[in-house]
Amino acid sequence: SHDTSSHAHNGVQEDATNGAGPSSLSKAAAIQEQRKDLPIAQGREALIEEIRKNDVTVLLGETGSGKTTQVPQYLLESGLVGNGMIAVTQPRRVAATSLAARVAQEQNAPLGQLVGYAVRFDEKSTSNTRIKYMTDGMIVRELLSDPMLSKYSVVVVDEAHERTLRTDLLLANLKKIIKKRNEPTKRDAKGKNNTTSSNPLKIVVMSATLDAEKFSKFFSGAKILYVKGRQHPVKIYHSAEHQMDYVDSAMRTFFQIHTDQPPGDVLIFLPGQEDIESLQASIELFARQLPVNSPNVLICSMFAAQDSRKNIQAFAPAPPNTRKCILATNIAETSITIPGVKYVIDTGKCKEKQFLARAGGGGLDTLLTKDITQSSAMQRTGRAGREGSGMCFRLYPESAFKAMQVSSEPEILRTSLTSSILQLKCLGQDMQDLDLMDKPDEESIISAFRTLWLLGSVDQKGSLTPAGRKMAAFPVDPMYACSIVASEGLQCTSEVIDIISVLSSSSKLFVDISDQRDAVAEQRRKFRHPSGDHMTILNVVRAYEEISASNGTTSANKNKAAKREWCRKHFLNERTLLEAQEIRNQLRTVCERENINWTVSALKKTAVVGGAKEDGVIHEEDSIIKALGHGLTGNAAFLQPDGTYKQIMGPSIVKIHPSSVLCDKKVAAIIYDELVFTNHIYARGVSSIPKSFFATHEPLKQRHA
Ligand code: ADP
Ligand code: MG
């Protein structure tokens, strides 16, 4: 029989809240054994010593060697930080939350106490937290309230090689901060009198790739340390030809491995959630047709928008006679190591943000599926050789590998700078003057200023306005922050926050099941609002709340089940609604801090369900649409005689997306959440807005004057 307890230490799915009971005792011991066995453990003392000696240390080491989970614990256990706090930054929220869970378990402490995390809209930490895993975006936001990051004794900048925009901004600020915070200590050493209480900062920059020189140079020749990994040989197989359908090709490759190769788990890299879901469906379908004597297939997936408990399942060992197949985005490239993997299938694709500064208006942020870089391909291959020799199947020819870019461009050179420039303005900093590792394009900076001016966050001279300072306090896109600030004067903050919470959620509200199109359309009609998609979202939010209220007397479990069933019946993603509630709570808290009364509501009734207002008599929604319009002025278009719409701030001709409530309607003017490119440019998330709104819009009036 199979002894599962010997494997239990591999998973974090079990709660680490109490250390009681014999099984958790042995589990804790096993975890300590595993810690000692990591490659980095041998260098522990030397590492602590170097960090003690130097203000800035650059640490390189192969993925899986123990950098992210161990270094913060070493710093804590060695007493190097005294009572100070250690921040560990991550580019991705999934990594921040799951690593915090793992390290809390290693410390045998409940998550959120000694070890916690902070990601946008979700924080688990207390004033006693000593190790905090957080996204680079969160720590940059913390600069607004604590410009010296005085809470932290050590900032570990992890995955620095990814060079995200936030990591670059953090590095630039850390360089400034360390000068100020560590200077008094040096003067002390020279015996000069000095009244500043010294609270020195240490910086550890960690990376999985070998291009450390640039980081070291940036910090005036910081010491570089290397951790030796334990990499076993991996045999690489390229496909003979380009694959038109990488999902199908990944499926066939998986079953070849499954039928021909010895045991070992399979990790498949895909660009995003849609591909992961479609591959999962087809593997499950074919797995049912396998001969009865072949091993079972267990599929796990890991991607940013997925529930963290589901992501964590990927760490659990496969049951006996089962091959685990993990479908992941590039999260599993360097941030997260999943044990047991012997085979890697690499589609060669990833999703990357690309900002088109020339696209008109404030420019355009797009998320495109594109070829990975050689450096990513090598990281992906390496995942197969962690525990023994492995195999990597690249679904592209060797010529394609050779044609790939060597490494990716820093994000600061290819993303919208609007929200960062606004945050920097609040710190009294200008992007142009900051000591950055790479300077962004002039054009992107101009485009960001144009957007900020249109939102009223900066004036014509580019100086921050009081409204702009308010907007910066909201952790959402500046567009939506602008709408929230505008909702105050328009007396509709309650509704605007409800809508924006859904729009800021990481997954879509409406589920589309292509083989049930009619049923979906029929259910959706119930929420349809004649003004468009934004009020339709509000209808869904309110109807969902009614379900909770109407089940108020029943048990919590029954209520939960009723809500789940209601969402299923109406083809709605409940995860989105639950996440939106969390976001809403946070936005309400920010409103309170900014003295905006979020209870002010434009609608008399709690629910406005139904298309009953087709006659257009009552227009309670007018103020809500106007508030949204303030934020979405850069995303507005006027109807043309041929039935298409022309952007008012840009050159593009757009059509309304088929998924929109307004898709077959002709209205004089629209605002939209985003553009999508297929055979046309489509506007998605559309509402009708009175054309007269734009005649009274201040920045636009100035522009025409
Ligand atoms: P690095 O940062 O150098 O890539 P990590 O510190 O992230 O390394 O990981 C060290 C080891 O901890 C890895 O071998 C990984 O398998 C293990 N590990 C990390 N998270 C978990 C988890 N949630 N469950 C089980 N093992 C984990
Ligand atoms: Mg790591």
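**Exercise 1.** Which helices each supply at least two residues of the shell around ligand 1?

*Solution.* Begin with the helices in this predicted model: α3 (67–77) and α4 (93–106) each supply at least two residues of that shell. Then look at their shares, where α3 gives the most to the shell around ligand 1, namely 4 residues. Next, turn to single residues: of the 17 residues around ligand 1, those that come nearest are Lys-67, Thr-68, Thr-69, Arg-102 and Phe-315. Finally, sort the shell by character, which gives 11 polar, 4 nonpolar and 2 charged residues.

**Exercise 2.** Work out in what order the strands of the open sheet of 6 strands are arranged, and find its edge strands.

*Solution.* Reading across the open sheet, the order is β9-β16-β13-β10-β12-β11, and the pairing is parallel. The edge strands, each of which pairs on one side only, are β9 (234–238) and β11 (296–302). As a last step, consider the angle between neighbouring strands of this sheet, which are turned by 20 degrees against each other on average, with direction ignored.

**Exercise 3.** Describe how strand β10 is joined to strand β12, and name the helix that lies across both of them.

*Solution.* First locate the two strands: β10 covers residues 265–269 and β12 covers residues 322–328, and they run parallel, joined by 4 bridges. Within this pair, Ile-268 stands opposite Leu-327 in β12. The helix asked for is α9 (residues 273–287), which lies across β10, β11 and β12 and runs at about 175 degrees to β11.

Definitions and conventions:
Residues numbered from 1 in each chain as written. Chains lettered and ligands numbered in written order. Predicted model: local features only at pLDDT ≥ 70, side-chain atom pairs only at ≥ 80, totals over all residues. Pairing = 2+ DSSP bridges. Axes fitted to C-alpha atoms, helices over the stretch in contact; angles between N-to-C directions. Contact = placed C-beta atoms within 7 Å. Near = placed C-beta within 6 Å. Nonpolar A, V, L, I, M, F, W, Y, C, P; charged D, E, K, R; others polar.
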